[in-house]
Amino acid sequence: MAKSLVIVESPAKAKTIEKFLGKSHYTVKASVGHVIDLPKSKLGVDIDNDFEPQYITIRGKGPVLKEIKKLAKKSKKIYLATDPDREGEAISWHLAKALGIEEDTPCRIEFNEITKNTIKSAIKNPRKINYELVNAQQARRVLDRLVGYKISPLLWKNVRKGLSAGRVQSVATKLIIDKEEEIKKFKPEEYWSLNLDAENSKKEKLEVKFKADSLGNKEIKTEEEVNRILNSLGKTLTVTKIKKGEKKRNPSKPFTTSTLQQEAANKLGFSTKKTMSLAQQLYEGIDLGKEGTVGLITYMRTDSTRISNEAIKSLKGYMDEFIGNEYLKKTHKKSKEDKNKKSVQDAHEAVRPTDVYKHPDNIKNSLKKDQYLIYKLIWERYVASQMVPAVYNTLAIELESNEIVFKATGSQLKFDGFLKIYSFANISEDTELPNLTEGEKINIVKEIHKQHFTQPPARYTEASLVKTMEELGIGRPSTYSPTISTILSRGYVEKDGKNLVATELGYIINEILVEYFSKIVDINFTAELEKELDYIEEGHDWKKLISEFYKEFREMLTYAEEHIEQVDLVEESDEECEKCGSIMLIKHGRYGKFLACSNYPDCEQTKPFLYKIGVNCPNCEDGDIIQRRSKKGRLFYGCSNFPKCRFVSWGKPVDKKCPECNSILIYKKTKKSEKNKCSNKDCGYEEEVEN
């Protein structure tokens, strides 16, 4: 009896689906991503023939396609079950053409989660290939190919080989550079805080903060103003206002692609690439032992926070049984944000567990550590999103002394609401205040005033860059992670801790693009272009859009080809070649800077370029502390004499010894302070760093 053929993208997904459908009736084969695409060796777009893409079988995928064709010939039906998005639709279209499937044949099946019921339901309801989605993917692919393959050769010719430009990656790099310029231009402003330690007649203590002076000023700018206020204060404060209230803290919506990447970065320290890789594994299926392989989450590339009625119904049952019905949100309205979204990704639900009854702790033994953490994050966020708010009792007190107003605030958790489930929430401790009455006199025990300076804007992290790209409409859920990976691998940006910092090379490339391809790196233009690309899904002419874009782009190309000047990235170092004595040159390679002999090609000596920080190694006499990077790209500090000297530190050493134990001090910066701490963990010495 002939079987039906189901074609998916990944082997892991194929294994899971074949188990649900049964090997006796279905053969499930993985294409392993695209099998047909634009060629890598040339542009692959016929500009003179209305931008017709010139598709080929991807090198190395010939055997895969041959096997699929062989299976298709002896199959009674063919189902194309690639991912439920533009990219997946395009893969199905390419496969349909390669297999000779008629355009109107209902051969396409899609599903938002890989569970038995969903797969069996999808196989009963095949549809035709959606050519509007295909055209939307083709438009993006052709547009990105034109930008990348036309600008990159100019960079190879005038800067160095191996560089690239891109419609989204170049804007992302510019965002990081613009932020750096913003930080450089920032001028700190002085301000002062003024707090008072006070107590009532019962010796119950409270801390109050300055709110306004007798002139109505709510900020203290100088030390003179602090002294003026302190000289005006009496010895007591009078309670003038007591306000009791209640505030609610609402849960966040279930995850979209970008919010998942942001929360995983902020709470788990995962890169966007790692988060998406783990989510892909959970979506495609995890072996749960007796139950077999099951997809644990819904499709992870989505703009939507929508949840299906079936999922809500299941969650209600779970809440009744394990949490309590009083915790369940009573209404489930579709948000305005979701109603206004027109992206194809909104056809999906939010990222949620496929079965809420699979509590993270119950399947922990079947998951690797990081898989468990991501699943726990998704599960808790989903359940919490459908729970009632947490409720706090609040107390606000105002106190005065000679018309100078101070305030004290307190809050206590009254009802935990969604906080009962969401362990990743930042929860502030209860702040209790003594029972006071209006008119009561409070004694001032101690005055605490401190100088501060306003801080420059924070550099982008992966999480904040994704958030900004989403807010500006740059790229789409599927592009955030690969975009960040690209600008890091190209060496335009590097990581300093969690921060993304533009390199010298990044500045050079950005400067060229801003001067000669201003529209390509213009944020508003790119965002508007994204909207126009989305409209293609509604039936707009994709080739007309490409044609209009290319007219202006061709003018930029022509001008750039005539006017771009060559950039010399080579500079002399102060080191001599160990082989021939010639000066070593600092050059830029694919993996950053390196030293090469100036006597090349007669001498081919090269060595790593060491980033010295100006501090001698505390463990050996002649070593310098240099910056290094771990295999995962994390910055650390070590001795230039490695492996002879094995001094290492995650924190940045400073040229200063501990006054208590003579160990080297390490610079540590947090959101609240900058300190030099002793590298000797048994010592504990630390000192504030002057701003």
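This passage walks through the predicted model, from the overall chain to the cores, a helix pair, two sheets and some unusual backbone sites.

The protein chain has 691 residues, and 49% of them count as buried. Its secondary structure comes to 17 helices and 29 strands. Along the principal axes, the C-alpha trace spans about 95 × 80 × 50 Å. Sequence-distant pairs are well represented: taking contacts between residues at least 6 apart in sequence, 65% join residues at least 24 apart.

The interior comes next. The largest nonpolar core contains 65 residues, and V6, F111, I297 and V383 are the members with the most contacts inside it. Helix α12, which covers residues 369–385, gives the most to this core, supplying 9 residues. A second core, separate from that one, holds 58 residues, including I151, I177, L500 and I512. Around V6, once its neighbours within four places in sequence are left aside, the contacts are L21, Y26, T27, V28, K29, Y79, A81 and I123.

A helix pair offers a convenient local view of packing. Two packed helices are described by the angle between their axes and the distance between the axes. For helix α8 (residues 257–268) and helix α9 (residues 272–284), the angle is about 115° and the axes are 9 Å apart. The crossing of α8 and α9 is right-handed. On the α8 side, T257, L260, Q261 and A264 take part, and they meet T272, T275, M276 and A279 of α9. Sorted by class, this contact has 4 nonpolar and 4 polar residues, with no charged residues.

Helix α8 also contains Q262. Is Q262 buried or exposed? Its relative accessible area is 11%, so Q262 is buried, the cut-off for that class being under 20%. Apart from neighbours within four places in sequence, Q262 is in contact with A463, V466, K467 and E470.

Two open sheets can be described side by side. One has 4 strands in the order β22-β23-β24-β25, with antiparallel pairing. Its edge strands are β22 (611–616) and β25 (648–649), each of which pairs on one side only. Strand β23 (residues 624–629) runs antiparallel to β22, and 3 bridges join the two. Within this sheet, N616 stands opposite D624 in β23.

The other open sheet has 4 strands in the order β26-β27-β28-β29, with antiparallel pairing. Here β26 (652–657) and β29 (686–688) stand at the edges; each has a single partner strand, so one side of each is left without a neighbour in the sheet. Neighbouring strands of this sheet are turned against each other by 35° on average, direction ignored. Strand β28 (residues 674–678) is joined to β29 by 3 bridges, and the two run antiparallel. K677 stands opposite E686 in β29.

Finally, some backbone geometry deserves a look. Most residues other than glycine have a negative phi, and most peptide bonds are trans. Which bond joins Y600 and P601? It is a cis peptide bond, with omega of about 10°. P601 is placed in the loop between β20 (592–597) and β21 (606–608). The peptide bond from F642 to P643 is cis as well, with omega near 10°. In this case the proline, P643, is in the loop between β24 (635–639) and β25, and β25 is an edge strand of the sheet that begins with β22.

Positive phi values occur at K203 and N402. K203 is not a glycine, yet its phi is positive, at about 65°. The place of K203 is in the loop between β8 (190–199) and β9 (205–212). K203 has a relative accessible area of 58%, so this residue is exposed, the cut-off being over 50%. For N402, also a residue other than glycine, phi is near 55°. N402 lies in the loop between β13 (390–401) and β14 (404–415). With 53% relative accessibility, N402 counts as exposed.

Terms used:
Residues numbered from 1 in each chain as written. Predicted model: local features only at pLDDT ≥ 70, side-chain atom pairs only at ≥ 80, totals over all residues. Heavy atoms only, no water. Core = buried A, V, L, I, M, F, W, Y, C linked by side-chain atoms within 4.5 Å. Buried < 20%, exposed > 50% of the residue type's maximum accessible area, 1.4 Å probe, protein only. Contact = heavy atoms within 4.5 Å. Axes fitted to C-alpha atoms, helices over the stretch in contact; angles between N-to-C directions. Left-handed = near helix turned anticlockwise from the far one by under 90°. Nonpolar A, V, L, I, M, F, W, Y, C, P; charged D, E, K, R; others polar. Pairing = 2+ DSSP bridges.
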